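Me: Please take a close look at one part of this model: the aromatic cluster. Walk me through how its rings pair and where they sit.

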Amino acid sequence: MPLATPNTLSQQEIDLLDLIETVVFVLEPNEAGDVVYVAFNDFCSRTLDLPRDRIIGRTARAIYPGRLGELAYSRHVQAVESAKPMSFETHLPVDGNIHHLKTQLRPLFDEQGKLLRVIGTSREVTAENAVRALQLDSQAMESEVEQFVNLAAHDLRAPMRNANTLTAMLKDGFQDLGDGKLDIINMLEKVTHNTLSLIGDVLKHADSARTQQNNSPSEFDLEHLFIETMAMLDPMDKVHTRSNSCILFGDATVTQIVLRNLIDNAIKHNSDAELRLSLSASADDDQRKFYRLALEDNGSGFPDPATAFSESERKTIDNGGFGLLGVRRLVKTRGGNIRAENLSGGGALITFTLPGQLLESAEASTAVEQIEPHADSTTTRKTA
């Protein structure tokens, strides 16, 4: 895309931006080809607690530490090179708290169609994401109740049919002596008939609830999702990561919630080690309408991997997250599977499947290489 000569905003335009009570910034490529901030409104400066002289003329990776800056800058470059509108979510640490921001980037062109600058706006979606997580957890628990009711209804239907058959046998050829026994048999027949009808209604409701479940599938880049998740959980870039680049079709929100909780658990229980994480995707051989993700680390592993996601392990849901039991619910209620295993050389491997498809991958069929525990060699890290 041809670029117009960089042209920073006038003071009047900057004053107008300061009247807007939401985060607004302007990006332009400088003479060296770096995409830098040329304007930042007052609301944004107050929100980030950063003076303008620390922002203007600098790139995102020069302002924000670690993965956060690399991720934001890669998006800025992508917006300039593609000259197309785009949106993405970032996780910004401010005052000891993680703020979830949804950013939109829109290119602005001159009369000849050359790109002048990119206008960016950001709004906080922390509360929206929290509500979404609670909704997913509620759906998972509700689905489990429905599954239990469904199984119970199936189990009850067979003995009630037997009871109905026995009642018909009692009634067949029964001689009414006027002592009320025939009335009791008729009452028993009515009870079994009504119970079977009720069980049928329960099963119909369960089938209807399953068919109406909406997972909002869409295309998403797994590597970008991984980078965004690490930017939130490891903003200072202490964890070494590796992932294969692929496009998946499925529920990106559910995928990220599962990954976020698994990665958060790995970081929490291996804080004193040089943690390394590897993520890969493949098509599920057993179920073609599912994709399989494998997350490997070089940590201490699970005390008992067989029960890591067991229903008997009543793990608490803390810090606003699901916990391992919540992750299991989220995966299971969508028809997927999840399992953990400890690796022979140290570390753990978690694999899980979710509804969707592997659309495109350069390395999707390659098995994940085992990460040497606490190795000195540096793993490959990719940015979006």
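**The aromatic cluster**

Reply: One aromatic cluster is made up of Phe 25, Tyr 37 and Phe 40. Keep in mind that the model is predicted. The count of aromatic pairs comes to 3.

Take Phe 25 with Tyr 37. Their ring centres lie 5.6 Å apart, and the planes meet at 75 degrees. The pair is edge-to-face, because the cut-off for that class is over 60 degrees. Phe 25 belongs to strand E1, residues 23-29. Tyr 37 belongs to strand E2, residues 35-40. The pair therefore ties together parts that are 12 residues apart in sequence.

Next, Tyr 37 with Phe 40. Here the ring centres are 5.0 Å apart. The planes stand at 75 degrees, so this pair is edge-to-face too.

Now burial. Phe 25 has a relative accessibility of 5%. Tyr 37 has a relative accessible area of 3%. Both count as buried, because the limit is under 20%. Phe 40 is buried as well.

Finally, the surroundings of Phe 25. Leave out residues up to four places away in sequence. Phe 25 then touches both cluster partners, Tyr 37 and Phe 40. Ala 39 and His 76 are also among its contacts. So are Thr 103 and Leu 105. A further run of contacts takes in Val 118, Ile 119, Gly 120, Thr 121 and Ser 122. Leu 105 sits 80 residues from Phe 25 along the chain. Yet the C-alpha atoms of Phe 25 and Leu 105 are separated by 9.4 Å.

Methods: Residues numbered from 1 in each chain as written. Predicted model: local features only at pLDDT ≥ 70, side-chain atom pairs only at ≥ 80, totals over all residues. Heavy atoms only, no water. Phe/Tyr/Trp six-rings, centres within 6.5 Å; stacked < 30°, edge-to-face > 60°. Helix = DSSP H or I, 4+ residues; strand = E, 2+ residues; numbered from the N terminus. Buried < 20%, exposed > 50% of the residue type's maximum accessible area, 1.4 Å probe, protein only. Contact = heavy atoms within 4.5 Å.
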